[in-house]
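Got your viewer open? Let's take a walk through this model together, one selection at a time.

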Amino acid sequence: MHGRPRRPAKPEDEAASSAKAAKLRDLQAQVLQNHHSRTYTKEAIGLSFKLLEINPEAYTAWNYRKLAFQHNIKELYDPEAIRSAADDELRVVEVALRQNPKSYGAWYHRKWLLNQKLAPVDSKREFGLLDKLLKVDARNFHGWNYRRFLARFMGVPDEEELKYTMDKISDNFSNYSAWHNRSILLSNLLIQQSKGFESKQKIFSEEFELVTQALFTDPSDQSGWFYHLWLLAQTSTPDNPQLIASWPFNGAKLSSSLVKEKVEKSTLSSIWCHSLKERIVPIVLYFNEPVKGLNQSSVKLKSDLDFGKDIRWRALSVTDSGYSNCWATHLQIANEWSSSQQYSVDVSIPCSDDIVSRSGSTYNCPVHLTFAIELISDEAQDIDLFDKPVSWNRSESFQPHENHESMPFDLLKITSALVEEDSNWHFERLSEEIDLFRELPDDNSKFVKLTLARLLLACAAIKSRGRSLIERKRYCEEAMGYFSDLIRLDPSHKRYYEDERSLVLMDKLTCDMETFMKHCSVKVEPNLVPLNHVQLCSLSLTRIGFAERLIWVQVLDLGHNSLRSVEGLEALQQLVSLNISNNQISSFTALEPLTKIISLKVLDLSFNKIGAHSIDTTRYICSSPFSHKVEACEAFEECWKKSINVEEYWDAILFFETLKLAQLDIKGNAVASKEDFRTLVPMLIPSLKWLDAECAN
Amino acid sequence: MAELAADQHVRYIVTVEKKKDSFESLVMEHIRLNGAYWGLTTLDLLHKLHAVGAAEVVDWIMSCYHPESGGFGGNVGHDPHVLYTLSAVQVLCLFDRLDVLDIDKVADYVAGLQNEDGSFSGDVWGEVDTRFSYIALCTLSLLHRLHKINMQKAVDFVVSCKNLDGGFGAMPGGESHAGQIFCCVGALAITGSLHHIDRDLLGWWLCERQCKDGGLNGRPEKLADVCYSWWVLSSLIMIDRVHWIDKEKLTKFILNCQDKETGGISDRPDNAVDIYHTYFGVAGLSLMEYPGVKPMDPAYALPLDVVNRIFLRK
């Protein structure tokens, strides 16, 4: 019941209502009886009309009418008589729609009738009906759905329907339904390359002008802003996928040994790679947009090591959609090797039709990378990195980088400048929009500020190399200013703006070497090779962005932020230690990205919100039996046998079983105070040595 | 802040069930099975499912069953349709009584309504809508019978209804609408296919449904309505963006729509209450972790303990 005021019933109302009720009860009973006895007389059909006139939602009555129509039409041969029978049904629908213009049953009855194709459709009558309806309620989505059905049914060209949306928008700018239909029709026309719609640039420029006109008329109306956002997204999507980062980077030297003396002096920059001990060479490739199709023929590998025949690339994203920004392979060294010898690995990605983005564009900027591997057998002096718990003392151990040379930062980026320079049209279009909206009088319209922030970020994304990085930082700073304004202006959506600002902050902190270096160091332990260390603490980060700039990190400290999510960290395939203590992580399912990091040994989760909430907002983002990505009978067989409380701890079970942690800190979470949970953890992680700084066993 | 008048709502639900002869009840007569689901789920969320006799309810539900087709009608004597088949299965789940069903027969009815393009019809008459895709997937999943359909095609059809604003419509080209978005996000959640959604784009569209009065609307430039507390919140939870709305303001809006004397919740403050909005109001509060209300599963629209029991118990 919508929009009916609450009031006590008056006695006279009640009398009228009970009379009405009696009539309705009789009608319903009679119609159902006729339906069950298959009585299709004129009188019986008349009763169903009376019922639908009062209650157009009585779906069984519509079914009855369809049966009656089919039954009675069998005896009709005269086209005029058939037409008249169909006409009767159309009239019933019109009467019902007068009672309820949003009746699903009535609208479908009409579609069903037209689809019978028994009589020619009077297109004037149909479009006339719609005109009347959409005049009364321009947003009736049943009406719009029927209009799209009718246009297709009657073969009305998209161009004509596009004109109709223009008429509706001219009547009233605030017609989201019309803008929506316009976006659907335009997309179709552009895909089909219909006459007059060959140039995306021309069409979008016109649309920008149209919608801006609407926005300047009423900046507080949402309809136009959503349309503007769609145009912006169309303007700022990359034309072709590009590789933007890789690990190992071009020219890297990987070593299997942690012991300093074993590594030759000349190879100061050689990096310890944990998995080499298990003869596994990881390679990570990061693209600027999600792609699919990485395989043995689209990515060519050459090496003096033997990696066997079966090289498989795996999409590193929480969701296995087939598309991902980040791809990894873990090569298994198959041949015998001699100690202290260097081997090289060549990776090249030529232009490829296999590698495709979601929009269908193919990879066409070939790149070539080479890195070296040094294998050292040091079993005699094998070092256990975790023979005592790792501490995260920030003030003492962290020395920001002074010497840029020792960091591979510049090499991390793919600089093979084969990538076509920024599309000028995109940049010019965006700059024009920015200028335009800056002119809009500052009436504190949140949409103006939000759109400006988005336009600035789209500009920043184009500025990705060399000197233009200074411009990028400027765009980021200005956008962050808008987000701070928005937090004040529209506090209800505060956390949306905070999430957006967090991404911009990550961009700003990591986009150029000087700023980034303030957060990078090498962690030096006596006698051991240095580990690459990044510290991004106490920055109010709420989520991770630009993970491609972190794929080389081995120790990452994200403590004392406001992170709710660690999505993005799955790309860090070298990560050994991670500190996300004192954040806002609220469930184990939110940590699923970490299960993709096979090198992870040390994890500090202390002082988060795990177990504090009854509603888990990542329950359906992660893999679980509820989404049929995990088979309960396989995943929990062992736990059932051991009488572990699966209904309570299913998420912890799925999370910990995939990790090979040596150290876990989890104190300060609601879940950690439960006794049965503390006994469960060492059972789930046999490799665990330290739990909350105490011996796990 | 106002408080949840839980006892009054329980009384309202129990008495409304008995008022079968009012005009309002009669207009809704054909969807009584939906009404049973709304009322009984609300009772369970308020820890009062025992206020009704389980055996009596189960008997009545089975009297709406059509053994020849395997579907359920909205009431005794009404034709079978997936809309009521899901409600029947959900209510039986609440009472842990799926054993009364010929599970394969019911699953075959639902699976038999899948069309060549992956979409689902609501019944034999062939109306297609993404609501029916959700209903079919949810029903079959609760019955552990998803293998009876072509899941990939079912997902592909839902994805084909995705719009440029990130939302979903009733059919390809249909305008985004919060109710329809719930159905499509739910269908993709149940099939492990949420990667088809741009969560930031859809999340922003959904969080912009919050109006100045704190309530949520279903489409841009529309009035707030308590029922969208469920459609919008559950969708936001499934895509992990629910923190983008102001929960405190929404909680206030829902509580202000209560009839604190006679119980029940209405669409907007001071309007007439009904069972539909009572359910969506309480379910919305559940999703916002309101004290004393059982937590709800956002995809299956059942209490969390019921869903955990179905999928995690040996």
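Does Lys20(B) count as buried or exposed, going by its C-beta neighbours inside 10 Å? Select Lys20(B) and have a look around: with 12 C-beta neighbours inside 10 Å, Lys20(B) counts as exposed. The cut-off for exposed is 12 or fewer, so the count fits. Keep in mind as we go that this is a predicted model.

**Around the starting point**

Stay in chain B for a moment. Lys20(B) is found in a loop, with α1 (6–16) and α2 (23–27) of chain B on either side of that loop. Now add Arg32(B) to your selection. Arg32(B) and Lys20(B) are twelve residues apart in sequence, and from C-alpha to C-alpha they are 9.9 Å apart in space.

**Where the two chains meet**

Next, colour the two chains differently and find where they touch. On chain A, 62 residues are in contact with 65 residues of chain B. Several helices of chain A each supply at least two residues to this side, including α1 (11–36), α3 (59–73) and α21 (646–656). The largest share, seven residues, comes from α1(A). If you colour by residue class, the side of chain A that touches chain B shows 25 nonpolar, 25 polar and twelve charged residues.

**Chain A as a whole**

Hide chain B and zoom out. Chain A has 697 residues, and buried ones make up 41% of them. Switch to a cartoon view for its secondary structure, which comes to 22 helices and 19 strands. Try colouring by domain: domain 1 (19–218), domain 2 (243–378), domain 3 (424–509) and domain 4 (519–695). The centres of domain 1 and domain 2 of chain A, taken over C-alpha atoms, are separated by 57 Å.

**A helix with two faces**

Select residues 42–54 of chain A, which form helix α2. This helix has 13 residues and reaches 19 Å from its first C-alpha to its last, close to the 18 Å expected at 1.5 Å a residue. Show the side chains of Ile45(A), Leu47(A), Ser48(A), Leu51(A) and Leu52(A), which are buried in α2(A). They sit on the same side of α2(A) because they cover an arc of only 150° around the axis. What do the buried residues of α2(A) pack against? Turn on the surroundings and you'll find α1, α3 and α4 (79–99) of chain A. Then spin to the face of α2(A) turned away from its buried side, where the exposed residues Lys42(A), Glu43(A) and Gly46(A) are carried.

**On to the strands**

A quick reminder before the next stop: strands of a sheet pair through backbone hydrogen bonds, either parallel or antiparallel. Now find the open sheet of five strands in chain A, in the order β3-β2-β11-β8-β5, with mixed pairing. β3 (271–272) and β5 (300–303) of chain A stand at the edges with a single partner strand each, so one side of each has no neighbour in the sheet.

Inside that order, select β8 (residues 341–349) and β11 (residues 367–375) of chain A: these strands run antiparallel and are joined by nine bridges. To see one pair of residues, pick Gln341(A), which stands opposite Leu375(A) in β11(A).

For the last stop, select strand β1 (residues 243–247) of chain A. Four of its five residues are buried, so β1(A) is largely enclosed by the rest of the structure. Its antiparallel pairing with β4 (residues 280–292) of chain A runs over four bridges. Finish by clicking Ser246(A), with Leu285(A) in β4(A) standing opposite.

Technical notes: Residues are numbered from 1 along each chain as its sequence is written. Chains are lettered from A and ligands numbered from 1 in the order in which they are written. This is a predicted model: local features need pLDDT of at least 70, side-chain atom pairs count only at pLDDT 80 or more; totals for chains, interfaces and linings use all residues. Two residues are in contact if their C-beta atoms, placed from the backbone, lie within 7 Å. Ala, Val, Leu, Ile, Met, Phe, Trp, Tyr, Cys and Pro count as nonpolar, Asp, Glu, Lys and Arg as charged, and the others, Gly among them, as polar. A residue is buried if 20 or more other C-beta atoms lie within 10 Å of its own, exposed if 12 or fewer, and partly exposed in between; C-beta atoms are placed from the backbone. Domain bounds come from an automatic or database domain assignment. The expected span of a helix is 1.5 Å times one less than its number of residues. The arc is that of the directions from the helix axis to the C-beta atoms. Two strands pair if DSSP finds at least two bridges between them.
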